[in-house]
Structure formats: structure tokens, C-alpha cells
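This briefing introduces selected features of one protein structure. Please consult the sequence and the 3D view while reading.

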Amino acid sequence: MGTLTAAISVAAAVVASPAGRRRGRGSATVRCSSSASSERQALFNRIAPVYDNLNDVLSLGQHRTWKRICVSWSRAKRGDRVLDLCCGSGDIAFLLSQKVGLDGEVMAVDFSRQQLHTAAERQEQRWKLCYKNIKWIEGDALDLPFTDCYFDAVTVGYGLRNVVDKPRAIREIFRVLKPGSTASILDFNKSSSLFTTSLQSWMIDNVVVPLASGYGLTEEYKYLKSSISQYLTGEELEKLAKEAGFSAAKHYELGGGLMGSLVATR
């Protein structure tokens with residue numbers, strides 16, 4: 001596949017233009033803008049080497065089922081051009097790649113260069129012909145380097161919760177989607193149920209953090225509880241999507257309410 005430096009590019013990338021103007025097409029290497037949180041960026045760079053192993057252990061492999069659901073609800077189909085935002089180590093991008101096929105395109109964007117390194121390495125190790133349609137892009141969810149109405153579907157897996165300006169991120173997703181297309185956003189659920197919230201908190205304190213400490217990542221995974229508490233409820237996510245211009249938005253609970261998925265149609 002070549003080096004990651006070569007892979008971190010975008011064939012249809014664009015250079016940001018003055019506010020209020022449509023972006024023109026061109027060619028660019030994407031970098032994180034100052035609006036991305038450098039602290040969170042550094043955190044995801046640190047956890048990248050063990051991110052997949054921890055996900056498998058902590059969810060008992062269930063995160064793979066939730067990610068397949070996320071892809072299914074995006075309504076991506078063969079031949080589509082799709083965006084996997086906050087792609088991490090590539091799980092959803094690989095699923096999208098198989099869904100859209102060789103005549104489709106997958107743009108996989110993340111602000112963590114180390115996560116993109118991991119994704120590119122996994123692409124080589126798990127090689128399938130369809131994976132040729134994936135482009136790994138280092139970029140900022142708050143300033144996407146794509147023209148308006150560029151994608152047939154957008155997915156976000158465990159990323160919106162970590163974005164510093166969620167309304168702006170939702171507006172960017174809306175901007176790059178084609179009319180009638182769907183965004184599918186998977187993350188931890190900020191539940192209104194006291195039982196679910198208590199269970200989530202107990203699992204983080206007694207399962208997640210102790211396991212992460214075995215990898216020397218105690219402090220890195222302690223952030224999880226606060227990030228969920230500062231996240232939006234399903235109702236708030238639906239409202240945010242509609243305020244951004246989406247014609248329909250519905251939040252679904254998964255995993256007994258521990259996870260949630262926002263499905264929004266432009």
C-alpha cells in the first residue's frame with residue numbers, strides 16, 4: 001500500500017475557502033486545525049497501539065455488532081462515496097469498504113496520526129481487494145476538507161463524544177452529505193435511566209479502568225466517565241441534528257441502553 005504519508009491524502013480534497021463560500025475542488029494533504037483538542041488528540045495517539053484489543057475485551061466483542069448496525073443504518077450501498085469520520089483504527093471503514101465495493105469510495109478521517117498508522121497497518125495485514133477503495137485522511141471533524149453534498153452516507157463511531165464543538169461537527173456532517181442521504185452516529189449512550197447510568201459508571205470504575213491499567217493506560221481511560229457525563233442524551237442529539245438542518249433524526253439505544261446510535265437523514 002506504500003507509506004502512511006502517501007496514504008494520508010485525499011483525491012478529492014479541497015482547500016478551505018473564506019467563510020460563506022462554497023469550497024472548490026483541488027488536492028491537499030489534510031492536517032488537524034487548531035479547533036481540534038490537542039489534549040484529546042494526544043490521548044488517542046497514546047492508546048492507539050492497544051485500542052482494538054481493549055475494545056474486544058471490554059465489550060466481549062459486542063462492539064463489532066454495534067459497528068455493523070451503524071454501517072447498516074447509514075444506508076451505504078454499492079458504488080457509493082462514503083465518509084467514516086473519527087475512523088480510529090478502521091473497523092467501520094473496513095465494513096463500509098465491503099459495502100460499497102470497488103466501484104465505491106471510503107474516505108476515513110481521524111485527527112490521530114497514530115490511529116491512522118494502526119488502521120493502515122491493519123489494512124495491509126487483513127488485505128481484501130475492496131480495501132483499495134479506502135483513503136486514510138488526517139483531518140479535523142470541525143473543518144472537513146470536502147465540497148458540499150459530496151457523500152452518499154456518513155458514519156461516526158465513538159467519535160462525536162470527543163469532539164470539542166458538537167453542533168459544529170453536526171453541521172459539517174450535514175454540509176458534506178447529499179440531500180436524502182443518511183448519517184449514522186454510534187457512541188456510548190448518555191441514558192436518562194438511573195440503573196443504566198449506575199451500571200455504566202460501575203463498569204468503568206471496576207472493569208474498564210482496571211483492565212486499562214494493565215496496559216499502563218489508567219489515566220487515559222479514566223476520562224471515559226466524564227466524557228459520557230458531558231455528552232448529549234438521545235433527545236438532545238435528535239434536537240441538535242434537526243437544528244443543523246436534517247429533515248429527520250432518531251436516536252436508538254443499543255446494548256441494553258449502554259450504547260446509542262443517532263440516525264439522521266438530510
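The points below cover the nonpolar cores and two residues with unusual backbone angles. The model is predicted. Its largest nonpolar core has 34 residues, and a second, separate core has 32 residues.

**The largest nonpolar core**

- Within the core of 34 residues, those with the most contacts are Leu 83, Leu 85, Phe 146, Val 154, Ile 173 and Phe 246.
- Two or more residues each come from β1, β2 (105-110), β4, α7, β5 (177-188), α10 (234-244) and β7 (259-265).
- The greatest contribution is made by α7, which gives five residues.
- Leu 85, when its neighbours within four places in sequence are left aside, is in contact with Val 109, Ala 141, Leu 144, Thr 155, Val 156, Gly 157 and Ile 173.

**The second core**

- Among the 32 residues of this separate core are Ile 92, Ala 93, Val 208 and Leu 254.

**Residues with a positive phi**

- Arg 75 is not a glycine, yet it has a positive phi of about 65°.
- The loop between α4 (62-73) and β1 (81-85) contains Arg 75.
- Arg 75 counts as partly exposed because its relative accessibility is 48%, and partly exposed residues lie between the cut-offs of 20% and 50%.
- Tyr 158, also not a glycine, has a positive phi of about 55°.
- The loop that holds Tyr 158 runs between β4 (151-157) and α7 (166-176).
- Tyr 158 has a relative accessibility of 11% and therefore counts as buried, a term that applies under 20%.

How values were computed:
Residues are numbered from 1 along each chain as its sequence is written. This is a predicted model: local features need pLDDT of at least 70, side-chain atom pairs count only at pLDDT 80 or more; totals for chains, interfaces and linings use all residues. Side-chain values use heavy atoms; hydrogens and water are left out. Helices (H or I, at least four residues) and strands (E, at least two) are DSSP runs, numbered from the N terminus. Buried means under 20% relative accessible area, exposed over 50%, partly exposed in between (1.4 Å probe, protein chains only). A nonpolar core is a set of buried Ala, Val, Leu, Ile, Met, Phe, Trp, Tyr and Cys residues joined through side-chain atoms within 4.5 Å. Contact means heavy atoms within 4.5 Å.
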